[in-house]
Amino acid sequence: MLLHVRRAIVDAAVDALGDLVTLGIVTAVKSGRQAPMPIATAPYLLVYGRQERSANLTIGGRARKLDRELILAVEIVTGEDDNDEEADAIAADVEFVIADDPTLGGLAKDLWLSGTAIDANAEGEIRIGRARLEFTVSYHTLATAPDIPKLDFTRARNSQYAAIL
């Protein structure tokens with residue numbers, strides 16, 4: 001099964017943010033939208049793609065190149081304290097880690113912080129603090145090869161996609 005570049009971008013962000021677990025800043029970094037653990041284990045991060053926009057870079061044919069922009073969400077769950085200070089401190093660490101490699105290991109052309117939402121949710125009588133950082137991730141692929149970032153055509157030349165280059 002092919003791994004879409006979008007999925008690889010999420011996985012690369014999860015891997016990069018794993019350093020925050022090592023440093024004791026968060027307890028876990030998970031891929032996906034659903035809280036994977038009890039709120040008592042917070043703070044933790046959820047990383048997922050929210051939306052993607054695509055546009056043609058070239059016109060027509062099987063070798064059509066696409067310019068893609070993924071909205072990568074990093075959701076901070078701070079726990080029962082609904083603590084904005086904690087969310088802001090973790091957000092600063094997340095921004096630092098993500099900005100340290102704006103290509104996510106060569107998968108993207110660039111990325112930047114495009115928005116932040118700070119919120120609290122009530123689950124029963126418990127208020128849970130959350131902040132969602134959204135990064136716009138710009139990358140290119142061929143329409144017929146969504147698993148290969150356009151930055152890495154050396155691999156494509158030796159693969160089943162060589163005929164479309």
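How many salt bridges does a search of the whole structure find? I got eight. Worth noting up front: this is a predicted model.

**Overall layout**

I started with the fold. The protein chain has four helices and five strands. Reading from the N terminus, I wrote the order down as α-α-β-β-β-α-β-β-α. The chain has 165 residues, and 42% of them are buried. I then looked at contacts between residues at least 6 apart in sequence, and 57% of these join residues at least 24 apart. For the surface I got an accessible area of about 8,700 Å², with carbon and sulfur atoms holding 49% of it.

**Salt bridges, one by one**

I went to Glu52 and Arg68 next. Their closest N and O atoms sit 2.9 Å apart, which I logged as a salt bridge. Glu52 belongs to strand S2 (residues 44–56) and Arg68 to strand S3 (residues 65–79), so this pair ties together parts 16 residues apart in sequence. I checked exposure too: Glu52 is partly exposed at 23% relative accessible area, while Arg68 counts as buried at 7%.

Then I looked up Glu75 with Arg130, a salt bridge at 2.5 Å, N to O. Glu75 is in S3 and Arg130 is in strand S5 (residues 126–142), so the parts tied together here are 55 residues apart in sequence. Are these two side chains' residues buried or exposed? I found Glu75 buried, and Arg130 as well.

My third pick was Arg132 with Glu134, where the closest N and O atoms are 3.0 Å apart. Arg132 comes out partly exposed at 27%; Glu134, at 15%, counts as buried. I also looked for shared partners, and Arg6, Glu52 and Arg68 are joined by salt bridges into one network.

**Nonpolar cores**

Which residues touch the most other members of the largest nonpolar core? My list reads Ile9, Leu17, Leu45, Val47, Val94 and Phe135, out of 32 residues in that core. Helix H1 (5–17), S2, S3, helix H3 (84–100) and S5 each supply at least two of its residues. The largest share is from H1, with eight residues. A general point I keep in mind is that nonpolar side chains tend to be buried together in soluble globular proteins.

I picked Phe135 for a contact list, skipping its neighbours within four places in sequence. Among its contacts are Leu70, Ile71, Leu72 and Val74. Val94, Glu95 and Ile98 are also in contact with Phe135, as are Leu111, Trp112, Leu113 and Ser114. There is a second, separate core of 10 residues, and I noted Ile39, Tyr48, Ala73 and Val77 as being included in it.

**Helix H3**

I checked the length of H3 first. Its 17 residues should span 24 Å at 1.5 Å a residue, and the end C-alpha atoms are 24 Å apart, which agrees.

Which residues of H3 are buried? I noted Ala87, Ile90, Ala91, Val94, Val97 and Ile98. They cover an arc of only 130° around the axis, which puts them on the same side of H3. An α-helix has 3.6 residues a turn, so residues three or four places apart point the same way. On the other side of H3, I found Glu85, Phe96, Ala99 and Asp100 exposed.

Conventions. Residues are numbered from 1 along each chain as its sequence is written. This is a predicted model: local features need pLDDT of at least 70, side-chain atom pairs count only at pLDDT 80 or more; totals for chains, interfaces and linings use all residues. Side-chain values use heavy atoms; hydrogens and water are left out. A salt bridge is a side-chain nitrogen of Lys or Arg within 4 Å of a carboxyl oxygen of Asp or Glu. Buried means under 20% relative accessible area, exposed over 50%, partly exposed in between (1.4 Å probe, protein chains only). Contact means heavy atoms within 4.5 Å. Accessible areas come from the Shrake-Rupley method with a 1.4 Å probe; for residues, only the protein chains shown count as cover. A nonpolar core is a set of buried Ala, Val, Leu, Ile, Met, Phe, Trp, Tyr and Cys residues joined through side-chain atoms within 4.5 Å. The expected span of a helix is 1.5 Å times one less than its number of residues. The arc is that of the directions from the helix axis to the C-beta atoms.
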